[in-house]
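Open the model in your viewer and show it as a cartoon, with side chains hidden for now. The tour below goes from one selection to the next.

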Amino acid sequence: MRNFGLGVFVAMVFSAGVAFTAQKAPSNDQVLREARDRAEIEDLMWRYARALDTPDGQFGTGATATKGTEALKRLAGGQPRTPAPGAAAAPARPPMYHMHANHAITFTDKDHARFDAYYLTARAAGGQDQPLQVLAVGRSVDELVRLNGKWLIQVRNVAPTN
């Protein structure tokens, strides 16, 4: 019985080794493309942390999603609100900062990727009476697409269920 168990164990190890070596290694061109794409996506996410630059971007999902460049700029406070006629202009707001942490990039094909990360959104101190404010902390999933050779955020989901 002991020899039978040893034989099964050896067979399992051999099978695992065959299955592992049977996987096709990516070509040098694929590895190079993915490395370049990772660098471009890192750059995209850095630019996103400072400005919304996606032409048909979407923040959130479902009926409450904010869509389009102008709506996204208003959401982020990038456009001043127009005061009502006769009202005083609103005081300047301290800048907001958006940070990603512990991100992972997964390619679904050569023109689509997923960017999973944790995020923190904060408003800078606005003076002695206005300390730094943490506005949001959570997990995000960004669906990325390459359009005309440039990586863009297609959908930004800051409340993923998966």
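This is a predicted model. Begin by selecting residues 112-123, which form strand S4, and residues 133-147, which form strand S5. S4 and S5 run antiparallel to each other, and twelve bridges pair them. To look at one of these bridges, pick Ala 122 and then Val 134 in S5, its bridge partner.

Keep S4 selected and add residues 96-109, strand S3. S3 also pairs with S4 in the antiparallel sense, here over eleven bridges. S4 therefore has a pairing with S3 and another with S5, given that two strands pair if at least two bridges are found between them. For a contact point between S3 and S4, select Thr 106 and look across to Arg 114 in S4, which stands opposite. Then follow the chain from S3 into S4: the connection is a hairpin of two residues.

Next, stay in strand S3 and select Asn 102. Its phi is near 50°, a positive value in a residue that is not glycine. Is Asn 102 buried or exposed? Its relative accessible area is 66%, so Asn 102 is exposed, the cut-off for that being over 50%.

The last stop is Asn 148, in the loop between S5 and strand S6 (150-157). Asn 148 has a positive phi too, about 50°, and is not a glycine. Show its surface: Asn 148 counts as exposed because its relative accessibility is 84%.

Terms used: Residues are numbered from 1 along each chain as its sequence is written. This is a predicted model: local features need pLDDT of at least 70, side-chain atom pairs count only at pLDDT 80 or more; totals for chains, interfaces and linings use all residues. Side-chain values use heavy atoms; hydrogens and water are left out. Helices (H or I, at least four residues) and strands (E, at least two) are DSSP runs, numbered from the N terminus. Buried means under 20% relative accessible area, exposed over 50%, partly exposed in between (1.4 Å probe, protein chains only).
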